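Trainee: I'd like to go through this model with you and ask how each label is earned.
Mentor: Sure, bring it up and fire away.

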Amino acid sequence: MGAALYSATVSGSSVTIAPSGPAVSVPGRRRPIAVVLIIVGCGVAVWIPSFVAGAYAQEHAAAVLANPTTGWAFLWDAITASRNPHLGTPDAARQAADEVWAGAPAVVVGVTLKTLPSPWTVPVPPGGAGPRGEWRMGRTSDALNWVGSGRVNGGVEQVIGVLDYRTGRVEWDIRPITVATP
């Protein structure tokens with residue numbers, strides 16, 4: 001821009017008159033972009049816990065992502081349960097599971113930290129063994145639990161038990177067992 005003949009600022013807008021004509025600069029033009037970015041940022045922040053909770057959910061991650069309150073509930077459960085938990089590490093949980101499910105008919109293979117609704121339907125894979133009667137619905141006292149997977153009588157890998165994250169107590173056990181129909 002060349003030499004200015006006249007320059008003035010009125011109500012946040014500045015006008016400069018140059019030999020080629022006036023040039024108007026309006027600082028408020030960037031506000032709509034900033035507002036959109038703030039709204040999108042808030043939306044992402046609302047769903048961030050849902051992305052984390054989806055990794056720990058027993059149900060499909062899409063069900064957790066559909067409702068952001070589920071993610072925030074998971075975050076709250078994780079914070080409140082993390083105060084000196086009895087089974088706070090995978091190694092401690094695996095050791096406890098090895099003691100509970102050490103021999104026939106159910107032998108533990110691994111443990112996974114999951115959030116479980118209460119009550120929840122115990123999954124039984126094709127050819128797997130299922131619990132009897134009222135044990136088909138698992139009930140937990142807290143949302144965070146270590147889900148033990150293993151084999152019943154050498155069969156397919158399946159859920160064989162649940163240990164409470166905070167207390168270490170057995171929340172659900174596949175025993176007594178019935179054989180599922182293929």
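Trainee: What share of the residues in the protein is buried?
Mentor: Of the 182 residues, 31% are buried. Keep in mind that this is a predicted model. The protein has 4 helices and 11 strands, and its accessible surface comes to about 11000 Å², with 62% of that belonging to carbon and sulfur atoms.

Trainee: Why is N145 called buried?
Mentor: Buried means under 20% relative accessible area. N145 has a value of 0%, so the label fits. N145 sits in strand β8.

Trainee: Which residues is N145 in contact with, leaving aside neighbours within four places in sequence?
Mentor: The list includes T112, L113, K114, V162, L163 and E171. Don't mix that up with the C-alpha separation to T167, a residue 22 places away along the chain: that one is 9.7 Å.

Trainee: Which residues touch the most other members of the largest nonpolar core?
Mentor: Those are W101, W146, I160 and L163, in a core of 25 residues. At least two core residues come from each of α4 (90-100), β4 (106-115), β8 (144-152) and β9 (157-164). For W146, the residues touched beyond four places in sequence include L87, P90, A93, V111, L113, G161 and Y165.

Trainee: How do you know that the buried residues of α4 line one face of the helix?
Mentor: Start with who they are: A93, A96 and A97 are buried in α4. Looking down the helix axis, the buried residues fall within an arc of 100 degrees, so they line one face. An α-helix has 3.6 residues a turn, so residues three or four places apart point the same way.

Trainee: What is exposed on the other side of α4, and what do its buried residues pack against?
Mentor: D91, Q95 and E99 are exposed on that other side. The buried residues of α4 pack against β4, β8 and β9.

Trainee: What makes R166 and D142 a salt bridge?
Mentor: The cut-off is a side-chain nitrogen of Lys or Arg within 4 Å of a carboxyl oxygen of Asp or Glu. The closest N and O atoms of R166 and D142 are 2.7 Å apart, so the pair qualifies. R166 lies in the loop between β9 and β10 (170-173), while D142 lies in the loop between β7 (137-138) and β8, so the pair ties together parts that are 24 residues apart in sequence.

Trainee: Why does E157 with R151 count as a salt bridge?
Mentor: Their closest N and O atoms are 3.9 Å apart, and the limit is 4 Å, so the pair is in. The structure holds 4 salt bridges.

Trainee: Why are E157 and R151 called partly exposed?
Mentor: Partly exposed runs between the 20% limit for buried and the 50% limit for exposed. E157 has a relative accessible area of 39% and R151 has 36%, so both land in that range.

Trainee: R169 forms a salt bridge with E171. Which of the two is buried and which is partly exposed?
Mentor: R169, at 44%, counts as partly exposed. E171 comes in at 12%, which is under 20%, so E171 is buried. Their closest N and O atoms are 2.9 Å apart.

Trainee: What makes the nonpolar patch on the surface?
Mentor: V36, V40 and V44 make a patch of about 250 Å². Patch residues need over 30% relative accessible area; V44 has 46%, so V44 clears that bar. V44 lies in helix α1 (residues 31-56).

Trainee: What sets N153 apart in its backbone, and why is N153 called exposed?
Mentor: N153 has a positive phi of about 50 degrees although it is not a glycine. N153 is in the loop between β8 and β9. Exposed means over 50%, and N153 is at 61%, so the label holds.

Trainee: Which peptide bond leading into P105 is cis?
Mentor: The one from A104 to P105, with omega near 10 degrees. P105 is in the loop between α4 and β4. Most residues other than glycine have a negative phi, and most peptide bonds are trans.

Notes: Residues are numbered from 1 along each chain as its sequence is written. This is a predicted model: local features need pLDDT of at least 70, side-chain atom pairs count only at pLDDT 80 or more; totals for chains, interfaces and linings use all residues. Side-chain values use heavy atoms; hydrogens and water are left out. Patches are made of residues with over 30% relative accessible area and no salt bridge: like charges are joined within 9 Å, nonpolar side chains (Val, Leu, Ile, Met, Phe, Trp, Tyr) within 5 Å. Accessible areas come from the Shrake-Rupley method with a 1.4 Å probe; for residues, only the protein chains shown count as cover. Buried means under 20% relative accessible area, exposed over 50%, partly exposed in between (1.4 Å probe, protein chains only). A nonpolar core is a set of buried Ala, Val, Leu, Ile, Met, Phe, Trp, Tyr and Cys residues joined through side-chain atoms within 4.5 Å. Contact means heavy atoms within 4.5 Å. The arc is that of the directions from the helix axis to the C-beta atoms.
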